[in-house]
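Biologist: Please examine one part of this model closely and explain how that part is placed within the whole.

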Amino acid sequence: MEHTKLLYVEDDMEVIENIKYLMSPYFTEIEIAQDGKEALKKFITFEPDVIVTDIQMPNMNGLEFVKNIREVDDKLPIVFLTAHNDSGKLMQAIELGAVAYVKKPFSLEVLKSAINKAIRTSMEHRKNSELLKEMDI
């Protein structure tokens with residue numbers, strides 16, 4: 001397994017423990033943040049390969065958090081894992097370049113598919129960055 005890091009942003013401790021357990025086979029490191037402000041700090045120090053975030057959280061919601069991330073990295077794969085059924089929030093997630101929008105309660109297969117897509121996207125991004133460095137671009 002290639003070294004892959006997940007930043008998971010969620011304010012519900014029960015959901016955090018479940019997702020952390022489900023994601024452990026896919027990631028070598030998992031960092032947790034309980035709101036968008038904490039997640040921004042951890043994004044800088046942890047340098048994740050994939051972000052999974054809720055939308056509704058205290059201090060800074062997931063959409064605001066991702067808007068801030070996109071100012072720094074417009075290619076980082078982001079999965080929204082949320083109870084929101086609001087088409088406006090879905091459209092915002094799409095505009096922010098989300099690789100997936102998974103509704104809670106979620107099907108394990110849907111979540112696995114979203115995570116696999118995010119990891120593939122991250123690996124492609126990493127390979128392209130390495131190629132550009134080699135080419136001195």
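**A close look at strand 4**

Modeller: Of the 137 residues in the protein, 43% are buried, where buried means under 20% relative accessible area, exposed over 50% and partly exposed in between, with a 1.4 Å probe and protein chains only. The model is predicted, so local features need pLDDT of at least 70 and side-chain atom pairs count only at pLDDT 80 or more, whereas totals for chains, interfaces and linings use all residues. Residues are numbered from 1 along each chain as its sequence is written, and side-chain values use heavy atoms, with hydrogens and water left out.

The protein has 5 helices and 5 strands; these are DSSP runs numbered from the N terminus, helices being H or I with at least four residues and strands E with at least two. Along the sequence they follow the pattern β-α-β-α-β-α-β-α-β-α.

Strand 4 comprises residues 78–82, and 5 of its 5 residues are buried. In a regular strand the side chains alternate between the two faces of the sheet. Here Ile78, Phe80 and Thr82 point one way, while Val79 and Leu81 point the other way.

The strand belongs to an open sheet of 5 strands in the order 2-1-3-4-5, with parallel pairing; two strands pair if DSSP finds at least two bridges between them. Strand 2 (29–33) and strand 5 stand at the edges with a single partner strand each, so one side of each has no neighbour in the sheet. Neighbouring strands are turned by 20° against each other on average, direction ignored.

On one side, strand 4 pairs in the parallel sense with strand 3 (residues 50–53) over 3 bridges, and isoleucine 78 is the bridge partner of isoleucine 51. Between these two strands the chain passes through helix 3 (residues 62–72), in a right-handed β-α-β crossover. Right-handed means that, with the strands pointing away from the viewer, the path from the first strand over the helix to the second runs clockwise.

Strand 4 also pairs with strand 5 (residues 100–103) in the parallel sense, over 4 bridges; there threonine 82 has lysine 103 as its bridge partner. Together with helix 4 (residues 87–95), strand 4 and strand 5 make a right-handed β-α-β unit.

At the far end of the strand order, 5 bridges join strand 1 (residues 5–9) to strand 2, with leucine 7 opposite glutamate 31. Helix 3 packs on the sheet, touching strand 1, strand 3 and strand 4, and its direction makes about 175° with that of strand 4. Contact means heavy atoms within 4.5 Å; axes are lines fitted to C-alpha atoms, for helices over the stretch in contact, and angles run from 0 to 180 degrees between N-to-C directions.
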